[in-house]
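Work through these exercises with the sequence and the 3D view side by side. Try each task before you read its solution.

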Amino acid sequence: LSEAAVAKAKAEKKKQEKFLKRLATEYVIMGKECEKEGMKEAAITNYKKALTLYPSHPEAKRRLKHLNE
């Protein structure tokens, strides 16, 4: 692969990660809403989905840990 192709692939990967992080954040927001409504299982499902999309999402990890205590 040429240097340009490698740079393009890295840029595309970074763009995809940014998109997945944004999408994961939406699941975190839904999880928080579920928590407010007392829907613990739905909240857990949303946080797990967020972590599937973006495994290092700190808030999803923290809230899921809190709900599993």
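**Exercise 1. Find His57 and describe its surroundings.**

Before starting, note that this is a predicted model, where local features need pLDDT of at least 70, side-chain atom pairs count only at pLDDT 80 or more, and totals for chains, interfaces and linings use all residues. Residues are numbered from 1 along each chain as its sequence is written, and side-chain values use heavy atoms, with hydrogens and water left out.

Step 1. Locate the residue. His57 sits in the loop between α2 and α3. Helices here are DSSP runs of H or I with at least four residues, strands are runs of E with at least two, and both are numbered from the N terminus.

Step 2. Is His57 buried or exposed? Its relative accessibility is 6%, so His57 counts as buried. The cut-offs: buried is under 20% relative accessible area, exposed is over 50%, and partly exposed is in between, with a 1.4 Å probe and protein chains only.

Step 3. List the contacts (heavy atoms within 4.5 Å). Setting aside residues up to four places away in sequence, His57 touches Lys21, Ala24, Thr25, Val28 and Leu51.

Step 4. Look for polar contacts. Such a contact is a pair of N or O atoms within 3.5 Å; within protein, one must be able to donate a hydrogen and the other to accept it, and residues adjacent in sequence count only if both atoms are side-chain atoms. The side chains of His57 and Thr25 are joined by one of 3.1 Å. The His57 side chain also reaches the backbone nitrogen of Ala60, at 3.3 Å.

**Exercise 2. Which residues does Tyr54 contact, leaving aside its neighbours within four places in sequence?**

Step 1. Place Tyr54. It lies in the loop between α2 (40–53) and α3 (58–67).

Step 2. Read off the partners. They are Glu17, Leu20, Lys21 and Ala24.

Step 3. Compare sequence with space. Tyr54 and Leu23 are 31 residues apart along the chain, while their C-alpha atoms are separated by 8.5 Å.

**Exercise 3. Describe how α2 and α3 pack.**

Step 1. Take the axes, which are lines fitted to C-alpha atoms, for helices over the stretch in contact; angles run from 0 to 180 degrees between N-to-C directions. The axes of α2 and α3 come within 9 Å and cross at roughly 145 degrees.

Step 2. Name the residues that meet. From α2 come Lys40, Ala43, Ile44, Tyr47, Lys48, Ala50 and Leu51; from α3 come Ala60, Lys61, Arg63, Leu64 and Leu67.

Step 3. Sort them. Eight are nonpolar, none is polar and four are charged. Ala, Val, Leu, Ile, Met, Phe, Trp, Tyr, Cys and Pro count as nonpolar, Asp, Glu, Lys and Arg as charged, and the others, Gly among them, as polar.

**Exercise 4. Trace the salt-bridge network.**

Step 1. Recall the principle. Side chains of opposite charge can pair when their charged atoms come close. A salt bridge is a side-chain nitrogen of Lys or Arg within 4 Å of a carboxyl oxygen of Asp or Glu. How many does the whole structure hold? The search finds five.

Step 2. Start at Lys32. Its side chain meets that of Glu59 in a salt bridge, 3.1 Å from N to O. Lys32 lies in helix α1 (residues 3–36) and Glu59 in helix α3, so the pair ties together parts that are 27 residues apart in sequence.

Step 3. Move to Arg63. The side chains of Arg63 and Glu35 form a salt bridge, also 3.1 Å from N to O. Arg63 is in helix α3 and Glu35 in helix α1, so this pair links parts 28 residues apart in sequence.

Step 4. Close the gap. Arg63 forms a salt bridge with Glu59, with the closest N and O atoms 3.1 Å apart. Both lie in helix α3, four residues apart, about one turn of the helix. Through shared partners, salt bridges join Lys32, Glu35, Glu59 and Arg63 into one network.

Step 5. Check exposure. Lys32 is partly exposed at 27%. Glu59 is partly exposed at 22%. Arg63 is partly exposed at 25%. Glu35 is partly exposed at 25%.
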